[in-house]
Amino acid sequence: MSAEQNRLEDDRKRKGLWKKWGPYLSERQWGTVREDYSPNGDAWNYFTHDQARSRAYRWGEDGLAGICDDRQLLCFALALWNGKDSIIKERLFGLNNSEGNHGEDVKEYYFYLDSTPTHSYMKYLYKYPQSAYPYADLVETNRKRTRNEFEYELIDTGIFDQDRYFDVFVEYAKADPEDLLIKISVFNRGPQTADLHALPTLWYRNTWSWRPNSPKPSVRRVEWEGATPVVSASHPGLGTRWLYIESKVPLLFTENETNNRRIFGTPDASPYVKDAIDEYLVHGRLEAVNPAQVGTKVASCHQLRIAPGQSAILRFRLSDIDPQRVKEPFQDFEEIFASRLTEANEFYSEVIPSVLDADHTNVTRQALAGMLWSKQFYFYDVDQWLHERGTDPFHALPHTAPRNYQWHHMYNGDVISMPDKWEYPWYAAWDLAFQVVTLGLVDVDFAKKQLELVLRERYLHPNGQIPAYEWNFSDVNPPVHAWALLFLYRLDRLKHGRGDLPWLRSCFNKLLLNFTWWVNRKDRFGRNVFEGGFLGLDNIGVFDRSAELPTGGYLEQADGTAWMALYAHQMLEGAIELAMLEEGHADMVLKFLEHAALITSSLIRLGQGIGMWDEDDGVFYDVLRTGDRAQPLKVRSMVSLLPVCAATVLEPQVFEKYPELDQRFERFLDERPELRKECHDPMRVGAGGRRLFAVLDETKLRRVLSKMLDENEFLSRYGLRSVSRYHKSHPYILRIGSDEYSVHYLPAESDTGMFGGDSNWRGPVWFPVNAVLIRALLNYHTYYGTDFTVECPTGSGQRMNLYRVAEEIAVRLSSIFLRGKDGRRPVYGGTVKFQEDKYWRDLILFYEYFHGDNGAGLGASHQTGWTGLVARTIHLFATTTSEEFLQLGKIASVADIERG
């Protein structure tokens, strides 16, 4: 094994805690639900960016290119001041939801360049302007713009013109799990000599101000024999660490305590407060910092003057080795850095297929780096939070919490993979399921623990609901955890020769609780037709599907029912995996065969009346029911395609081992002849002796695929659109009395404020649903085989089997980030700096979603979370062929178990 693989193995066996320290610091703690104690739940305005430099956080910390321990007790991050900004740059700036014309948005340029899964090596880049940062201009200009206009970005202000900025690289290398080397390299890209204050900062999260008699840690200067400054950091739970600073520079000490006078107009608890370093440097208040050189926060102050094209390097060492045992802390510094970088390269040479060219390799490695940098320690004791708000679920108190009142059992205190540590610095249930699929490429153990985490009793509601996200844990996300569970289990088995059966069994049993919650809560009349509200697809529908309908009545949701059909099918596959090794699960196979059959059939027809399948259009639609009236809402959207995913390929070995299952299921089907008539007949044998259990028979499948693969409908040059381009010239309009509701094709940003207005499912390309559909196509391929072909694109005359169709969609998705023949990356649209400048053009941002026609990045700019799936799809099709996949089946088929 490589050195990094050995570290992963040591960490797994607890021989060396290589993951104890990592990039677990948030990039935005202000404006979060956890820090919100307002009576109306206005999190954005209760704790603002302007307050963040002066106000101590209750539940977490944020910083620039930061690291911390896995409990976020001791934190290290970078701060900068160019001598012109009104405040020092300690954290990333962005607009809150009401300030941006498309919702909240970070207005900075930073890039996750590299990371190993144990964070033995990491690299980050921040681009810091040399002119005063245009805070007011960004807020005022964006606020004036309409939803039909582009966002006003930092680069649009002209601040990077003439390259007047610094490239600030921050690198970390671990000598051992508790010995961290830190290198900060600052490059002046501008035409003139420029000054910069670099302020690497070490501090403790404030854990002492909230509860009486809590022990308080400290940082203080240490006198020692060496020539360079040393700071000791002592914590009663974490122990003592020492920060060695190579340069002889001033050390600025203060407390991580709120500046009460500035924020609340009340006396301060300490004369030295959180924003003291800003006051000292920007405003010249020398008395603001503690002359005794002790506190809970310290920054070393490096005043740099850098000539054009030149650089300066700062070196630090954060270690558990005390000064009495260290004479030359920087003697082996460069040697260790070089070794860790070499080992990172060796690790990724094994992960990233060698057949890929340099550009594919660059995109894949940055995608994986973004996934690994996006880990965050997430702390939220909901019961304590409710109590601090004056709310107690078990006692009559005068206050009511604006959200999460029913989740008082929750105690979250874990390192979790985040969608985006600035825009979404909180976990989201369905995002997490997609994130672990990519994380499994580099760290299967971490991915498995992440998936299991939200199923633990500290997260999962006693009624079985999986928490959605902190803004409303009771919201409903698509149930995709079983989908991710099967993917990870089979990947693990393929890598190691056997799967983690106890993990599969544990997760499967807990998902039974969640599946039951869905069946009991979201199936209004017990007819296997499901609702669920917006289900992660925000504004995709005619109405806000999470609100009371303006028409009255209710929606029978094609996607809600499709997601549940997929859930049932994935639980069926999980039961099969368990039953092949443990006979006690055979009855669960039949249970989910029947569940899947009933839910699947409801997508086609509901006994008498209108179903969700539209025979004329050959796709699925939501159905609006008001009284005795049923009306399909004929919006051709991702809702129309998702039922394709409701399919299971049954290996012949299942029924060879359990012939009674075959007999009982056939009897079940014989008693319900409409199932065989409306859906694919699961008794029909296909390639490799397999059977297909699916909502779509071959005729219906071809009809849906003809729409899906039509470039005038769903298939764009950059993947599958969320709404068909057909609606550009044929908008769907629903008139109810004097009111009109419509859905147009909107390939870019949303033109409504629905769900905050910061996302758009009415045309752009989104990676998670593309990934689910790619997986479904591969599933069908294992049944239909290589001879089954469809026209792709529709009308092109070019025929492909379903593996090739899946690959074609994946290639289009990856082309968003790759340089085309014109040398330009579609993700950056018309932004010249990113397309042409040598210091920008190979830096990749993984946006939340992408323009349906030109592939430009939209929404959150660092949502490597699920957009990191591009690394997974590139890897998949670089390491398999159509024929190999047919032999391999569903990642690794049940037959592989039988063959040992």
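Modeller: Two strands pair if DSSP finds at least two bridges between them. This is a predicted model, and that criterion underlies its open sheet of nine strands, ordered E7-E8-E9-E10-E20-E15-E14-E13-E17 with antiparallel pairing.

Colleague: What makes strand E9 and strand E10 a pair?

Modeller: Strand E9 (residues 165–176) and strand E10 (residues 179–188) share 10 bridges in the antiparallel sense. The criterion asks for at least two bridges, so the two strands pair. Within this pairing, Tyr 172 stands opposite Ile 182 in E10.

Colleague: Why do strand E7 and strand E17 stand at the edges of the sheet?

Modeller: Strand E7 (110–115) and strand E17 (294–295) each have a single partner strand, so one side of each has no neighbour in the sheet.

Colleague: What joins strand E28 to strand E29?

Modeller: Four bridges join E28 to strand E29 (residues 691–694), and the two run antiparallel. As at least two bridges are required, they therefore count as paired. Ala 647 stands opposite Ala 694 in E29. From strand E28 (residues 647–650), Ala 647 and Val 649 point one way while Thr 648 and Leu 650 point the other way, and all are buried.

Colleague: Why is Asp 681 called buried?

Modeller: Asp 681 has a relative accessible area of 18%. Buried means under 20%, so Asp 681 falls in that class. Asp 681 is found in the loop between helix H19 (673–678) and E29. Leaving out residues up to four places away in sequence, Asp 681 touches Arg 676 and Leu 692.

Colleague: What makes the approach of Asp 681 to Met 683 a polar contact?

Modeller: The side chain of Asp 681 reaches the backbone nitrogen of Met 683 at 3.0 Å. The limit for a pair of N or O atoms is 3.5 Å, so the distance satisfies it.

Colleague: Why is the pair of Phe 333 and Phe 337 called tilted?

Modeller: The structure holds 68 aromatic pairs. In that of Phe 333 and Phe 337, the centres are 5.2 Å apart and the planes are at 40°. Centres within 6.5 Å make a pair, and an angle neither under 30 nor over 60 degrees is tilted, so the term applies. Both residues lie in helix H7 (residues 333–351), four residues apart, about one turn of the helix. Phe 333 is buried at 0% relative accessible area, and Phe 337 counts as buried at 4%.

Colleague: Why is the pair of Phe 347 and Tyr 348 edge-to-face?

Modeller: Their ring centres are 5.1 Å apart and their planes stand at 80°. Over 60 degrees counts as edge-to-face, so the pair takes that name. Phe 347 counts as buried at 3% relative accessibility, and Tyr 348 is buried at 2%.

Colleague: How do you know that the charged end of Arg 7 sits over the ring of Trp 18?

Modeller: The charged end of Arg 7 is 5.4 Å from the centre of the Trp 18 ring. The distance limit is 6 Å, so that part of the criterion is met. Lys 448 likewise lies over the face of Trp 503, at 5.6 Å from the ring centre.

Colleague: Which residues touch the most other members of the largest nonpolar core?

Modeller: Tyr 780, Ile 809 and Phe 817 do, in a core of 216 residues. Helix H14 (residues 558–579) gives the most to this core, with 14 residues. Apart from it lies another core of 54 residues, including Phe 47 and Leu 74.

Notes:
Residues are numbered from 1 along each chain as its sequence is written. This is a predicted model: local features need pLDDT of at least 70, side-chain atom pairs count only at pLDDT 80 or more; totals for chains, interfaces and linings use all residues. Side-chain values use heavy atoms; hydrogens and water are left out. Rings of Phe, Tyr and Trp (its six-membered ring) pair if their centres lie within 6.5 Å; planes under 30 degrees apart count as stacked, over 60 as edge-to-face and the rest as tilted. Buried means under 20% relative accessible area, exposed over 50%, partly exposed in between (1.4 Å probe, protein chains only). A charge sits over a ring if NZ of Lys or CZ of Arg is within 6 Å of the ring centre and within 35 degrees of the ring normal. A nonpolar core is a set of buried Ala, Val, Leu, Ile, Met, Phe, Trp, Tyr and Cys residues joined through side-chain atoms within 4.5 Å. A polar contact is a pair of N or O atoms within 3.5 Å; within protein, one must be able to donate a hydrogen and the other to accept it, and residues adjacent in sequence count only if both atoms are side-chain atoms. Contact means heavy atoms within 4.5 Å.
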